[in-house]
Amino acid sequence: MVESQPPVLVIGGGGAGLLAAWRCASLGVPVHLLERNPQVGVKLLISGGGKCNVTHAGSIEEVRSAFLPREGRFLRHAFHRFSNSDLIALLEQEQVKTFARPNGRVFPLSGRARDVAHALVKLCVRAGARIECGARVEGIRVVDGRVAGVSVNGEQRPASRVIVATGGCSYRKTGTTGDGLRWAAETGHTIVPIRAALAPIRVPLPHEWQGVALRGGKVSVRSGDRVVESRTDDILFTHEGVSGPGALAISRSAAVALETGPVTLVLDCAPSLDHDALDKTLQSIITRERGKMIGTVLDVFLPNRLVPFLCGVAGVDPATRVYALTREARKAIARCLKEWTIGSIEEIPLDRGEVSAGGVSLDHVDPRTMFSRRMPGLSFVGEVLDIAGPIGGYNLQAAFSTGYVAGEEAAKEKKNEDCQL
Ligand SMILES: Cc1cc2nc3c(=O)[nH]c(=O)nc-3n(C[C@H](O)[C@H](O)[C@H](O)COP(=O)(O)OP(=O)(O)OC[C@H]3O[C@@H](n4cnc5c(N)ncnc54)[C@H](O)[C@@H]3O)c2cc1C
C-alpha cells in the first residue's frame with residue numbers, strides 16, 4: 001500500500017477500532033490505528049472474564065431487539081452489513097472457532113479472549129494497517145469547518161478522515177477515560193449524559209450475606225411506589241451490595257432513577273409463584289414438615305444464610321415449630337418472600353460497569369456510514385456512541401458492526417477524495 005496521501009486515522013484499538021482499521025485497510029486505503037495503551041484490545045482481553053463473549057447467537061434481528069428501541073433502530077444497518085454470523089465466519093477464517101452456550105452467548109472454543117484479540121490484530125496487519133501503541137491522541141484538529149488531523153504525543157498528524165473508537169467511560173484503567181466524548185463535544189456533538197450500566201449495585205447489607213447467591217430470584221428497582229425495572233436471573237450478594245447477571249441488568253435503570261430520588265432494591269424469592277400459589281405451597285410444606293422449625297424449611301425458597309433475616313422482617317422467630325405457625329405469620333412470610341425490600345441503593349459505580357450508557361448522540365451520527373452529521377471527516381463507532389446493550393455479547397457485536405461500517409465508508413470516501421486530487 002503506497003501512502004501518497006495522509007492515511008485514515010483510527011483512534012482506539014478496541015473491538016470497534018480494530019474492525020474499522022482492518023476493513024478500511026482491506027479496501028486498499030492506508031490506515032494508522034493510534035492506541036494509547038502499550039497494546040491494543042485491553043478491554044477485549046478482560047471481556048467475559050477473560051473468555052470474551054464475542055457475540056450472541058440467533059438471527060441478527062434477535063440480537064438487535066435486545067437493545068433499547070432507539071439504539072436498535074440505529075444499529076439496524078450496521079448489524080445487517082456485519083452480522084454475528086459474519087463475525088463468527090471471520091474469526092473461523094483466522095482459526096478461532098467459536099461455540100454458543102445454551103443461553104446464546106458465543107465464546108471462542110479455546111475460552112481465551114487473547115485468541116480473539118490476536119486474530120483481529122493479524123487481520124489488520126495483513127491488510128496493511130499500521131498499529132501504533134503508546135500513541136495517546138490529545139485532540140482533533142479542525143480547519144475550515146472540517147477535520148484536518150489529530151495531535152498525538154505533542155505531534156500533529158494530518159488526516160482528512162478520523163474514526164473515533166475511544167470506548168466508554170468505565171474501567172478507566174483500561175484507557176477509556178472519555179477523551180472521545182470531549183472531542184465530540186468540542187466539535188459540536190451533543191453528549192447524552194454518561195451513566196453506569198451493567199454495574200454492581202451498592203446497597204448496605206449484613207456481612208453474613210457476602211458470597212451468597214440467589215439462583216433465579218427476581219430483583220426489582222423501586223422508586224416510591226413505582227417498579228422501575230425487574231429482572232429474574234442469578235443474584236450474587238457481595239461485600240458492597242448486589243452483583244451477578246440479575247443486578248447488572250437493572251443497574252442502568254437504577255442509576256437513572258437514583259438521579260431523581262431514593263431508590264430501593266426489592267427481592268422476590270419465588271418469582272414463579274403468585275401470592276396464592278405461594279401461600280398454597282407454604283401450607284403444603286406446613287402439613288408435611290409439621291415438627292420442623294420454620295427457619296429450616298424456608299431454604300427451598302432462599303439460601304439458608306438469608307432465612308433468619310427474612311424471618312426477622314416477617315416478625316417470625318425462625319425457631320418456631322411449623323405446626324405452631326399462625327395464619328398471620330404464614331401470610332407475613334409469604335409477603336416477604338414475594339416482596340422483600342432489602343435496602344436503599346447508595347450508588348451504582350460508573351467505573352465498575354461493563355459498559356457506560358450515554359455518549360455521542362445517535363442523532364448526530366449517520367447510521368448508514370457512522371459519519372458525523374456535525375463535523376465532516378469525523379466518524380464515531382463502538383461504545384463512545386450512546387449505545388449500551390445488555391450482557392450477552394451484544395456490546396462487542398455493536399462495536400464490531402459499527403467499526404466495520406465506518407472503516408468501509410471511510411475507505412470509499414478517501415478513495416473519492418484522492419481521485420479528485
Ligand atoms: C470487565 C468487562 C467485561 C466485559 N465483557 C463483555 C463480554 O463478554 N461481551 C461483550 O459483548 N461486551 C463485554 N464488555 C463490554 C465490551 O468490552 C465493550 O463494550 C467493548 O469493548 C467496547 O469496544 P470499543 O472498541 O468501543 O471500546 P474499547 O474496547 O474500550 O476500546 C477503546 C480504546 O480506545 C483507547 N483510547 C481511548 N482514548 C484514547 C486516546 N486519547 N488516544 C488513543 N487511544 C485511546 C483505549 O485505550 C481503548 O483501548 C465487557 C466490559 C468490561 C469492562
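**Helix packing and ligand environment**

The axes of helix 5 (residues 84-93) and helix 6 (residues 113-127) approach within 10 Å and cross at roughly 80°. Angles of 65 to 115 degrees count as roughly perpendicular, and helix 5 and helix 6 are therefore roughly perpendicular to each other. The model analysed here is predicted. On the side of helix 5, the contact is formed by L90, L91 and Q93, which meet V116, A119, L120, L123 and R126 of helix 6. Classified by residue type, this contact of helix 5 with helix 6 comprises six nonpolar residues, one polar residue and one charged residue.

The ligand is surrounded by 36 residues, of which E35, G48, D179, E383 and L396 are the closest. By class, the shell around the ligand contains 13 nonpolar, 16 polar and seven charged residues.

Polar atoms of the protein lie opposite both nitrogen and oxygen atoms of the ligand. A ligand nitrogen atom is placed 2.9 Å from a polar backbone atom of N53. An oxygen atom of the ligand lies 2.8 Å from an N or O atom in the side chain of E383, and for T174 a polar backbone atom is found 3.5 Å from a ligand oxygen atom. Taken alone, the ligand exposes 1,000 Å², and the protein buries 96% of that area.

Two or more residues of the shell around the ligand are given by each of helix 1 (15-26), strand 2 (31-35), helix 2 (42-46), helix 7 (179-186) and helix 13 (394-420). Helix 13 supplies the largest share of this shell, namely four residues.

Terms used: Residues are numbered from 1 along each chain as its sequence is written. This is a predicted model: local features need pLDDT of at least 70, side-chain atom pairs count only at pLDDT 80 or more; totals for chains, interfaces and linings use all residues. Side-chain values use heavy atoms; hydrogens and water are left out. Axes are lines fitted to C-alpha atoms, for helices over the stretch in contact, and angles run from 0 to 180 degrees between N-to-C directions. Angles under 35 degrees count as roughly parallel, over 145 as roughly antiparallel, 65 to 115 as roughly perpendicular and the rest as oblique. Contact means heavy atoms within 4.5 Å. Ala, Val, Leu, Ile, Met, Phe, Trp, Tyr, Cys and Pro count as nonpolar, Asp, Glu, Lys and Arg as charged, and the others, Gly among them, as polar. A residue is near a molecule or strand if one of its heavy atoms lies within 4 Å of it. A polar contact is a pair of N or O atoms within 3.5 Å; within protein, one must be able to donate a hydrogen and the other to accept it, and residues adjacent in sequence count only if both atoms are side-chain atoms. Accessible areas come from the Shrake-Rupley method with a 1.4 Å probe; for residues, only the protein chains shown count as cover.
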